[in-house]
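Please read the points below with the model open beside you, and find each residue on the screen as you come to it. The note begins with the meaning of a term and then goes from place to place.

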Amino acid sequence: MSWSGERSKKTAEALWSWLPDVLQYINPWLSSLDISAGRRGVREITDELSKTNFGIICITRENQASNWINFEAGALAKQVEDGYVVPFLIGMKTTDLVSPISQFQAIIGDSKDDVQKLLSDINDASGGLAIPRERLERAFRRSWPEFESKMKSISEISSRDNNLSHTVQRSEADMTEEILLIARQLDHRMAEMERYALRVDGSSRRPSREVRRISEEKFIAASFAKIGWEAVRSSWEGETVVIVAQCSGGSSRPIPRDFVERLAKSLSREVVVLGEVGKIIARSNLS
């Protein structure tokens, strides 16, 4: 368990004491409890990371930019083959995460379903030590109220390190760029998969250009949704992307100029936005 800050530490300690009650075979490691007095902390933590295949990073709004949090997450992801890194969110939504932590699949710490999924993932990753799913579900149901109570008390803590000046605020540009990054990662994975996924006659199931087009359409739709608009359809005409859009909810808010420019830069194409009647309502000036 990795932590930084008071609420994060208390959550890590709660997990450290609670997880073995549900999965008796696991041996959680937490630096604040498991480093002996006089030992070299950084070296021991590095050694533990190299022997670990499942890491839980306790994340709050104020600590996700912590160098230490990102060091431990990166060390686990790089050093351990097939290692799991799970951000455990405290008082946050998954959309609040920023890179690089946002690259990992996060869970909501006070969500019963999410925490149960976490335990199932730990059990699935435990090989021959794993217990039957039915037994895990019974143990989880018995012990969940205790952990839920701890999480409620932790969420009520007025943390001394919860300084808004240190809290990471996500900009619209940051979220837009992250959507594109995720879309392109999916695009790359799909392109790799299609090399091995052929039709009976040996032809490719889907041309790579079509795969990329689908990824970019999803990116466009998600980007417009963030500013309260709906991308009805889009088409590629040479080096220009033509997008037909409408304002969600019947309002008439304008499309920000910098939004169109960022979109064009991300797509590396000129962007033209049309209303449903075909009138140009926004256009980039990509040079």
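1. Helices and strands are here DSSP runs, a helix being a run of H or I of at least four residues and a strand a run of E of at least two, and they are numbered from the N terminus. With that naming in hand, the place of I131 can be given as the loop between α5 and α6. Please keep in mind throughout that this is a predicted model.

2. On the chain as a whole, the protein has nine helices and seven strands. Of its 287 residues, 40% count as buried, while the area that the protein chain exposes comes to about 16300 Å², with carbon and sulfur atoms supplying 49% of it. If one takes the contacts between residues at least 6 apart in sequence, 61% of them join residues at least 24 apart.

3. The next points concern helix packing. Two packed helices are described by the angle between their axes and by the distance between those axes. Helix α1, residues 6-22, packs with helix α6, residues 133-155, at an angle of about 160°, and their axes are 10 Å apart. Because angles over 145 degrees count as roughly antiparallel, α1 is roughly antiparallel to α6. The crossing of these two helices, α1 and α6, is right-handed.

4. Which residues of α1 and α6 meet? On the side of α1 they are R7, K10, T11, A14, L15, S17, W18, D21 and V22, and on the side of α6 they are L136, A139, F140, S143, W144, E146, F147, K150, M151 and I154. Sorted by class, the contact of α1 with α6 has 11 nonpolar, three polar and five charged residues.

5. T11, which lies in helix α1, is worth selecting on its own. It has 0% relative accessibility, and T11 therefore counts as buried, the cut-off for that word being under 20%. Once its neighbours within four places in sequence are left aside, T11 is in contact with C58, F88, I90, M151 and I154; M151 and I154 are also among the residues of α6 that meet α1.

6. E13 also has its place in helix α1. Is E13 buried or partly exposed? Its relative accessibility is 25%, so E13 counts as partly exposed. The C-alpha atoms of E13 and S2, which are 11 residues apart along the chain, are separated by 9.9 Å.

7. Helix α5, residues 112-124, also packs with α6, here at an angle of about 135° and with the axes 11 Å apart. For that reason α5 and α6 are oblique to each other, and α5 passes α6 in a right-handed crossing. The contact is made by K112, V115, Q116, L119, S120, N123 and D124 of α5 together with R133, L136, E137, F140, W144 and F147 of α6. By class, the residues of this contact of α5 with α6 divide into six nonpolar, three polar and four charged.

8. E137, one of the residues of α6 in that contact, is partly exposed, with a relative accessible area of 30%. Although E137 and Q116 are 21 residues apart in sequence, their C-alpha atoms are 8.1 Å apart in space.

9. Returning to I131, in the loop between α5 and α6, one finds that this residue is buried, with a relative accessible area of 10%. Not counting residues up to four places away in sequence, I131 touches V22, L23, Y25, N123 and L136. From I131 to S120 the chain runs 11 residues, and the C-alpha atoms of the two are separated by 9.8 Å.

10. The last point concerns helix α9, residues 257-267, whose buried residues are F259, V260, R262, L263, A264, S266 and L267. After α9 comes S268, whose phi is positive, near 60°. Most residues other than glycine have a negative phi, and S268 has its positive value although it is not a glycine. S268 has its place in the loop between α9 and β6, the latter being 270-274. At 53% relative accessibility S268 counts as exposed, since that word is used for values over 50%.

Key:
Residues are numbered from 1 along each chain as its sequence is written. This is a predicted model: local features need pLDDT of at least 70, side-chain atom pairs count only at pLDDT 80 or more; totals for chains, interfaces and linings use all residues. Side-chain values use heavy atoms; hydrogens and water are left out. Axes are lines fitted to C-alpha atoms, for helices over the stretch in contact, and angles run from 0 to 180 degrees between N-to-C directions. Angles under 35 degrees count as roughly parallel, over 145 as roughly antiparallel, 65 to 115 as roughly perpendicular and the rest as oblique. A crossing is left-handed if the near helix is turned anticlockwise from the far one by less than a right angle, and right-handed if clockwise. Contact means heavy atoms within 4.5 Å. Ala, Val, Leu, Ile, Met, Phe, Trp, Tyr, Cys and Pro count as nonpolar, Asp, Glu, Lys and Arg as charged, and the others, Gly among them, as polar. Buried means under 20% relative accessible area, exposed over 50%, partly exposed in between (1.4 Å probe, protein chains only). Accessible areas come from the Shrake-Rupley method with a 1.4 Å probe; for residues, only the protein chains shown count as cover.
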